[in-house]
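Please open the structure in your viewer and keep the selection panel at hand. The tour moves from one contact between two elements to a single residue, and then out to the whole protein.

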Amino acid sequence: MSTYDTIVIGAGMSGVTTARMLTDDGRRVLVLEARDRIGGRMHTDRSAGFPVDLGASWIHGIDDSPLWDLVQALDIPTVECTVGSFQVGGRPIENFTDDGAPMDDAATAQWISDVEQADRLLVQEIAASSSGDTYLDVTERALDRSGFTPQRIDEVREFFRHRVEEQCGAWIGDLDAHGLDEDGIDGDEVIFPRGYDELPRRIAAGLDVRLDTAVTRVSRTPDGAVVATAHGEEYEAHSVVVTVPLGVLKAGTIEFVPALPEEIAGPIDRLGMGVFNKIFLQFPGRFWGEDSYVLRALGEAGEHWHSWYDVSAISGIPTLLTFAAGPLGRRMQDLSDDEIVADALGALRRLYPDAAEPTAQWITRWGQNPFSVGSYSHLAVGSSHHDHDELAGPADGVLHFAGEATWGEEPATVGAAFYSGHRAAERVLGAAVDLAAFAERIRARERSTAS
Ligand SMILES: Cc1cc2nc3c(=O)[nH]c(=O)nc-3n(C[C@H](O)[C@H](O)[C@H](O)COP(=O)(O)OP(=O)(O)OC[C@H]3O[C@@H](n4cnc5c(N)ncnc54)[C@H](O)[C@@H]3O)c2cc1C
């Protein structure tokens, strides 16, 4: 049996970060990855001749972001697109009323002020909430106090529901009252015209990564751990870093021997794994405003398909991206592609009756994928922010966990995956790893490979 210093399970952003940092320190590291590609939930489809990001697209806020610093240090181009966080004002948004009619300027100003006012009340209600209160409970209390007309309440209620679905992939009644506490955005948001998976791929270059190798069992031993794969191989290491998504841990497809301690099993059980799917539609021409970042249907017109993001800048072809998250995200996974497109297009034509038939489409089903079993983690009712960081372990000093679900400060993001991978590497090494030096070493290796 081959022996390594560390085995990293999963080659997404967190796994490749840990593996790169440990390898740079001279450790013998093996990465076992179930899929036939690197990047996990950063997945760029380039089959059409331009990139389509089926997983993560955005950096949500580039101010004071070590992730943004890394992207800059690696000279990865980006395009500003500041609406990936379900914002209400700021960048140009075309809003449509309950009956699908465009909102005029006065109504839009009223709408933005309504959401801002309701959000202020919501912050107070969250602060006053008790254990076991859901995000639905606190939004209803805030709306009760708002003094808005019933129609304005309906629109804000729908907006809050969709915001939870997009940010957490969950139904508002399943999210803890504190489930969006960490949701602040500092600075602009950006997307990646060359595809976001360039980042994990460049970090992973030169690592010992075995693709198509699903791990089935991790057994802790007096000297470390033995990792078994679906191919029947076994590998031994002094430490193991598990970076598979929370959905995979919940599904129990990896057996841990002995069973995980309660400090880790508890958070796996309590935290939620949401579903958030993407539908990209390309059109022969643009039928929406030249400068609009988002088209958004409020109230009844947007009950299912409510927000359409203009991502034409990536391919140069008119392209709208819409999301199906939470309950709709789960339901749509059982429909055919044609059924999904027909349903979404029907909703879009309530806003734009002349919208043409799409010329191309991309549809995801992250909740049905055995190597993610969902899209990202959230604070389900009964869990707490501490659960995220508790999940990192280690168990018995040898078994560490990393990945977006293990980072309480901003879970469900690429940043969380990066920072948790960094933390796992530092814990395994027992020493700090400087992020600027990490980026510089990647550049230096690329220069030496190119020459
Ligand atoms: C549709 C969608 C949109 C998103 N949009 C954004 C966004 O715009 N901005 C943002 O910041 N974040 C976004 N996210 C979240 C972001 O993609 C993730 O938080 C991040 O990529 C997770 O990285 P990770 O390393 O924690 O996990 P992953 O990337 O999931 O990596 C885990 C790896 O483990 C592998 N694996 C699973 N099971 C096994 C096994 N048994 N054996 C071996 N390997 C296994 C998987 O194949 C995977 O490669 C989005 C996610 C989705 C799904």
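In this predicted model, begin by selecting Q117, A118, L121, L122, Q124, E125 and I126 in helix α3, and then add Y135, V138, T139, R141, A142, L143, R145 and S146 in helix α4, which are the residues they meet. If you colour this contact by class, you will find eight nonpolar, four polar and three charged residues.

Now show the two helices in full, taking residues 105-127 for α3 and residues 135-146 for α4, and look at how they pack: the angle is about 125 degrees, and the axes lie 8 Å apart. An angle of about 125 degrees places α3 and α4 oblique to each other, because it falls outside the ranges counted as roughly parallel, antiparallel or perpendicular. The crossing of these two helices is right-handed.

Next, select E125 alone, which is found in helix α3. Is E125 buried or exposed? Its relative accessibility is 11%, and since buried means under 20%, E125 counts as buried. To see what surrounds it, add V138, R141, A142 and R145, with which E125 is in contact when its neighbours within four places in sequence are left aside.

Finally, zoom out to the whole protein, whose secondary structure comes to 14 helices and 20 strands. Its radius of gyration is 22 Å, close to the 22 Å that the globule rule gives for 451 residues, so the protein is as compact as a globular protein of that length. Along the principal axes, the C-alpha atoms fill a box of roughly 70 × 55 × 40 Å, and of the 451 residues, 57% count as buried.

Technical notes: Residues are numbered from 1 along each chain as its sequence is written. This is a predicted model: local features need pLDDT of at least 70, side-chain atom pairs count only at pLDDT 80 or more; totals for chains, interfaces and linings use all residues. Side-chain values use heavy atoms; hydrogens and water are left out. Axes are lines fitted to C-alpha atoms, for helices over the stretch in contact, and angles run from 0 to 180 degrees between N-to-C directions. Helices (H or I, at least four residues) and strands (E, at least two) are DSSP runs, numbered from the N terminus. Angles under 35 degrees count as roughly parallel, over 145 as roughly antiparallel, 65 to 115 as roughly perpendicular and the rest as oblique. A crossing is left-handed if the near helix is turned anticlockwise from the far one by less than a right angle, and right-handed if clockwise. Contact means heavy atoms within 4.5 Å. Ala, Val, Leu, Ile, Met, Phe, Trp, Tyr, Cys and Pro count as nonpolar, Asp, Glu, Lys and Arg as charged, and the others, Gly among them, as polar. Buried means under 20% relative accessible area, exposed over 50%, partly exposed in between (1.4 Å probe, protein chains only). The radius of gyration is taken over C-alpha atoms; the globule rule is 2.2 Å times the number of residues to the power 0.38.
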